[in-house]
Amino acid sequence: MSVLRADCPLCGAGAPAPFLRRDGVPVHQNLPLSDSASARRATRGVLAMTACTACGFVFNRAFDPALLHYGPGYDNAQAGSPRFAAHLNDLARHLVERRDVRGARIVEIGCGNGDFLRRLVTWPGADNTGIGFDPAYRGPASDCDGRLRFVADLYRGEPADVVICRHVIEHIANPRALLATLGPARAFFETPDVAWILRNTVAWDFFYEHCSLFCADSLGFAFARAGFAVRAISRVFDGQYLWLEGEPGTAAAAPRPGRIPALARRYGAAEPAAAAGWRQRLAALARDGKVAVWGAGAKGVTLAALADPQGSAIDCLVDVNPAKQGRFVPGTGHPIVAPAALAARGVRHVVMTNPAYRAEIAAMLPACGGPALARWAA
Ligand SMILES: [Zn+2]
């Protein structure tokens with residue numbers, strides 16, 4: 001039995017009925033388990049995604065933060081992908097060369113393995129120092145002669161010239177509380193654009209870890225309300241993510257729902273037919289031979305749960321991150337294998353969940369026994 005919160009965490013308006021409900025979803029997407037049986041026993045929760053009709057914020061009304069643990073074992077590293085590594089490099093170049101992030105004390109909230117912060121600290125001539133916070137961080141506490149430091153714990157405020165926070169705020173049930181801890185600093189935030197997810201009916205982009213999803217309007221509203229002047233909100237990574245740039249200041253903070261409530265209603269009506277469509281396509285592929293899903297990140301894990309909850313139609317998930325290989329998908333218990341293992345398993349079809357990675361996946365398939373690539377646009 002889950003409790004539905006009554007109001008919008010961002011603007012306080014009364015919450016309407018959810019546009020999407022899924023019961024018994026695994027709460028972790030990026031916490032692979034060491035054996036299939038314990039993976040199937042993974043903690044589950046309820047997804048009750050709701051679009052605020054006052055401010056356009058999208059949130060899980062049934063979210064229970066006590067079910068999630070972002071400690072050791074949580075692994076969402078994506079830099080093994082050339083496409084994603086290029087994205088990180090482009091962002092670092094943008095910050096240093098266009099936004100003049102130089103000689104700055106940079107704090108990164110949710111730094112993961114520290115890859116992005118390291119780029120900003122070691123960027124030639126930038127002369128930055130960095131402190132990264134992440135409870136899942138593993139590695140040395142200090143690097144680059146002390147100019148780069150890591151704290152394997154939650155961020156609770158830290159003096160900074162620049163605060164970076166990428167792919168974290170969507171995991172926070174109370175984003176206003178996070179923004180209130182920032183203090184006077186330039187802020188750069190990256191988070192999925194829920195308008196893109198809704199418009200493209202990307203069912204595997206709704207999962208338990210992402211309890212708070214923004215559009216450009218609701219993200220700008222959240223920052224304005226927290227005492228930031230928003231300088232820019234742009235769309236990056238083929239339009240999938242929002243990139244916000246703010247600085248201390250005052251700005252009008254009026255909630256605007258925009259098209260989100262209508263898009264959410266349309267999504268809720270369209271998802272059942274879309275889901276039936278991919279189950280049929282999966283069954284058709286599986287009749288022809290073994291099927292693998294590329295990527296054991298949140299999207300691939302969620303697709304597996306939606307399309308093959310019993311673990312019978314999909315042979316495995318494949319991931320370039322060595323820390324995930326040999327482990328099992330939370331919820332469904334599918335094995336996670338290295339690309340090099342696909343040939344020996346006799347996999348004939350690879351399904352991808354994000355077209356942004358099409359070129360690099362296609363380039364790796366000949367060495368994987370040459371399975372065919374199936375793109376699943378919704
Ligand atoms: Zn709201």
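**View 1. Domain 1 and domain 2 have C-alpha centres 30 Å apart.** The model shown is predicted. In the protein chain, domain 1 covers residues 82-256 and domain 2 covers residues 272-375. Where the two domains touch, each side is made of 11 residues: 11 from domain 1 and 11 from domain 2. On the side of domain 1 that touches domain 2, 5 residues are nonpolar, 4 are charged and 2 are polar.

**View 2. The largest nonpolar core contains 109 residues.** Within this core, Val163 and Ala292 are the residues that touch the most other members. The greatest contribution comes from helix H8 (residues 298-307), which supplies 7 residues. Both domain 1 (82-256) and domain 2 (272-375) are represented in the core, each by at least three residues. In soluble globular proteins, nonpolar side chains tend to be buried together.

**View 3. Surroundings of Ala292, with residues up to four places away in sequence left out.** The contacts of alanine 292 include Asp315, Cys316, Leu317 and Val318, which are consecutive in number. Leu342, Val347 and Val350 complete the set.

**View 4. Four strands form an open sheet in the order E1-E2-E3-E10.** The pairing in this sheet is antiparallel. Strand E1 (20-26) lies at one edge and strand E10 (212-213) at the other, each pairing on one side only.

**View 5. Strand E1 pairs with strand E2 (residues 44-51).** The two strands run in the antiparallel sense and are joined over 5 bridges. One bridge links valine 25 to glycine 45, its partner in E2.

Conventions: Residues are numbered from 1 along each chain as its sequence is written. This is a predicted model: local features need pLDDT of at least 70, side-chain atom pairs count only at pLDDT 80 or more; totals for chains, interfaces and linings use all residues. Domain bounds come from an automatic or database domain assignment. Two residues are in contact if their C-beta atoms, placed from the backbone, lie within 7 Å. Ala, Val, Leu, Ile, Met, Phe, Trp, Tyr, Cys and Pro count as nonpolar, Asp, Glu, Lys and Arg as charged, and the others, Gly among them, as polar. A nonpolar core is a set of buried Ala, Val, Leu, Ile, Met, Phe, Trp, Tyr and Cys residues joined through C-beta atoms within 7 Å. A residue is buried if 20 or more other C-beta atoms lie within 10 Å of its own, exposed if 12 or fewer, and partly exposed in between; C-beta atoms are placed from the backbone. Two strands pair if DSSP finds at least two bridges between them.
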